[in-house]
Amino acid sequence: MVKTREASGQSGAGGGMASQAKVALLKQRDLVALMCRRRDLLVPMLSIWVASFGGGEHAPVTTYFLLEVGATTAQLGNIGVIRTVGSLVMSPVYGWLLDRHSPILPVLMTSACCSFGCLLRGLVPVGDATPLYASSVILGLGAVNFWNVVGAYVAMSTPRDQRDVVVSGFQVQVNALNLLGTAAFPSWDWLLVVAGVEDQLLRYRAHMSICSVFCVFGFFSMLLFFRPAKHGHNAAEGRESRKLGHQHCVDRPQLLLLLASLVVQAFGETVVTVLWPLHIRKLGWGSHEYAYLDIASKLLVIAGTMAYPAFVRLLGCKATASFLPVVACFASAAAFLQEDSGLYGRVAHVAGALTFLPACGVMKVCFQHLTTLAVSPSQQGRIFSLLAMLQSGGQIAGNLFGTRMVDHETAYTGKGSTPFLMASSLFALAGCAVAGLLAVPHHGQVHVAAALDGEEESQ
């Protein structure tokens, strides 16, 4: 169990911001300590840590590398589709394997695909699209699924009453290491130039190889040392579920609402991240300002995700799930539905954008937390895979709608604002629905985990 060392006499509501921040940091520290103490968690998490850092290191050059080896803009789109479809197709398979068999097989399969797909991509010859597509197929079978499978395994291997800390902590670690890897890119590229590597494509290959080396190391370390913990899906887990109380109880319609809201979250976040670089041009800004805003938003997402357990203690899960879509609605509207290039417009944009993205990041963790607690322990792998599929579906919809409707004008919005209006409207609808159907208590609420197991518990 993740144990938090809190100050004596401190209450959740009265600690103040400094105390809450300290508690959040202590929870994350204790989670990392738990992962390091338990070998069944350390081995897969070590692979996730190095892969997250390596992925962040090559992220700035990935698109440019693909263009250098001869990929066209259309082929870049095809590669993205192939990887997303692979994730959609394989997620249910990996979820079923996690629930019905040992975690070893899905963890090793996704790690192998991620490792060797990335390695093949870094070695593709110039002008030949076949190995590029082949590497994309292999990455589609692993890549994102690797993070999903390990995250699900870690959540299944820790107490359910610590799910908020585990889910948020996993995202914090991945995002922080990814950001550190991206921050290390300029220094690594400078060292390559100093070492005499003048050829741009060769430097790109060197950056791409960093992730491959880390991923291959992670795969072989798991192949040799990974011994997963055994899960008990019966009485012990049932008693843990009952400890969670009414705050974590949802019925079937509420579960469906949470799943639909997760799609809205992925859709809105994708629309903003895809079109944000285009929107800031209307404010008279360029790539440098966007880079600063991007780094600031990632830092705030990490901070917000770390603070999620504090939100749960202060407000409860359901109240948190209700206000986050509303915050996202108003923040996105303030940031992207105005094009004032003056001081007021720029300040409104920065404040709105840097509120919207952290709200989306915390919203994702919140909905994952509630939905994974809403099903029985024997179905955790499948619910995590379903969440991954819904996230992918929302991202696909956001990419398609955002890029195709960006030039559309309506009676209410100018050119470039229609996708943001749609995202804000969907967040408003999701917030009202969650507040009305989830946060407001009603009689006869039944825990879905009990319902799925054929048990009935009166609240």
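# Talking through a predicted model

Me: Is N145 buried or exposed in this structure?
Reply: N145 has a relative accessible area of 1%. The cut-off for buried is under 20%, so N145 falls on that side of the line. Keep in mind that this is a predicted model. With its 1%, N145 is buried.

Me: Which helix holds N145?
Reply: Let's place this residue along the chain. The helix to look for runs over residues 144–156. N145 is therefore inside that range, and the name of the helix is α7.

Me: How far apart in space are N145 and Y94, C-alpha to C-alpha?
Reply: Along the sequence, 51 residues separate N145 and Y94. Y94 is also among the residues that N145 touches, when residues up to four places away in sequence are not counted; the others are G86, S87, M90, S91, T110 and G140. From C-alpha to C-alpha, the distance in space is 8.1 Å.

Me: With which side chain does the side chain of N145 make a polar contact?
Reply: One of the residues that N145 touches is the partner here. The polar contact has a length of 2.9 Å and joins two side chains. The partner of N145 is S91.

Me: What is the relative accessibility of D30, the partner of R29 in a salt bridge?
Reply: Side chains of opposite charge can pair when their charged atoms come close. In the bridge of R29 with D30, the closest N and O atoms are 3.5 Å apart. R29 is partly exposed at 45% relative accessibility. D30, on the other hand, counts as buried, and its relative accessibility is 5%.

Me: How far apart are N and O in the salt bridge of R38 and D40?
Reply: Start with the two partners. R38 has a relative accessible area of 22%, so it is partly exposed, while D40 is buried at 11%. Their side chains meet in a salt bridge, with an N to O distance of 2.8 Å.

Me: In which helix do both K298 and D294 lie?
Reply: K298 forms a salt bridge with D294, and the closest N and O atoms are 3.4 Å apart. The two residues are four apart in sequence, about one turn of the helix. K298 counts as partly exposed, at 30% relative accessibility. The helix, covering residues 287–315, is α12.

Me: How many salt bridges does a search of the whole structure find?
Reply: We have met some of them already, including R29 with D30 and R38 with D40. Another is K298 with D294. Searching the whole structure gives a total of five.

Me: Which element gives the largest share of the nonpolar patch on the surface?
Reply: The patch is formed by F116, L119, L123, F220, L223, L224 and F225, which together have about 660 Å² of accessible area. The elements giving two or more residues to it are α5 (104–122) and α9 (200–225). The largest share is four residues, and it comes from α9.

Me: Which residues form one aromatic cluster with F116?
Reply: F116 sits in helix α5. With 34% relative accessible area, F116 is partly exposed. The residues that join F116 in one aromatic cluster are F219 and F220.

Me: Why is the ring pair of F146 and W147 edge-to-face?
Reply: A search of the whole structure finds ten aromatic pairs. A pair of aromatic rings is described by the distance of the centres and the angle of the planes. For F146 and W147 the centres are 5.5 Å apart, and planes over 60 degrees apart count as edge-to-face. The pair earns that label because its planes stand at 75 degrees.

Me: What is the relative accessible area of Y290, which forms an aromatic pair with W276?
Reply: The pair is edge-to-face, 5.5 Å centre to centre and with 85 degrees between the planes. It links distant parts of the chain, 14 residues apart: W276 is in helix α11 (residues 252–279) and Y290 in helix α12. W276 is buried, with a relative accessible area of 1%. Y290 is partly exposed, and its value is 21%.

Me: What percentage of the residues in the protein chain is buried?
Reply: The protein chain has 17 helices and zero strands. Its accessible surface comes to about 20000 Å², of which 67% belongs to carbon and sulfur atoms. Among the 459 residues of the chain, the buried ones make up 50%.

Terms used: Residues are numbered from 1 along each chain as its sequence is written. This is a predicted model: local features need pLDDT of at least 70, side-chain atom pairs count only at pLDDT 80 or more; totals for chains, interfaces and linings use all residues. Side-chain values use heavy atoms; hydrogens and water are left out. Buried means under 20% relative accessible area, exposed over 50%, partly exposed in between (1.4 Å probe, protein chains only). Contact means heavy atoms within 4.5 Å. A polar contact is a pair of N or O atoms within 3.5 Å; within protein, one must be able to donate a hydrogen and the other to accept it, and residues adjacent in sequence count only if both atoms are side-chain atoms. A salt bridge is a side-chain nitrogen of Lys or Arg within 4 Å of a carboxyl oxygen of Asp or Glu. Accessible areas come from the Shrake-Rupley method with a 1.4 Å probe; for residues, only the protein chains shown count as cover. Patches are made of residues with over 30% relative accessible area and no salt bridge: like charges are joined within 9 Å, nonpolar side chains (Val, Leu, Ile, Met, Phe, Trp, Tyr) within 5 Å. Rings of Phe, Tyr and Trp (its six-membered ring) pair if their centres lie within 6.5 Å; planes under 30 degrees apart count as stacked, over 60 as edge-to-face and the rest as tilted.
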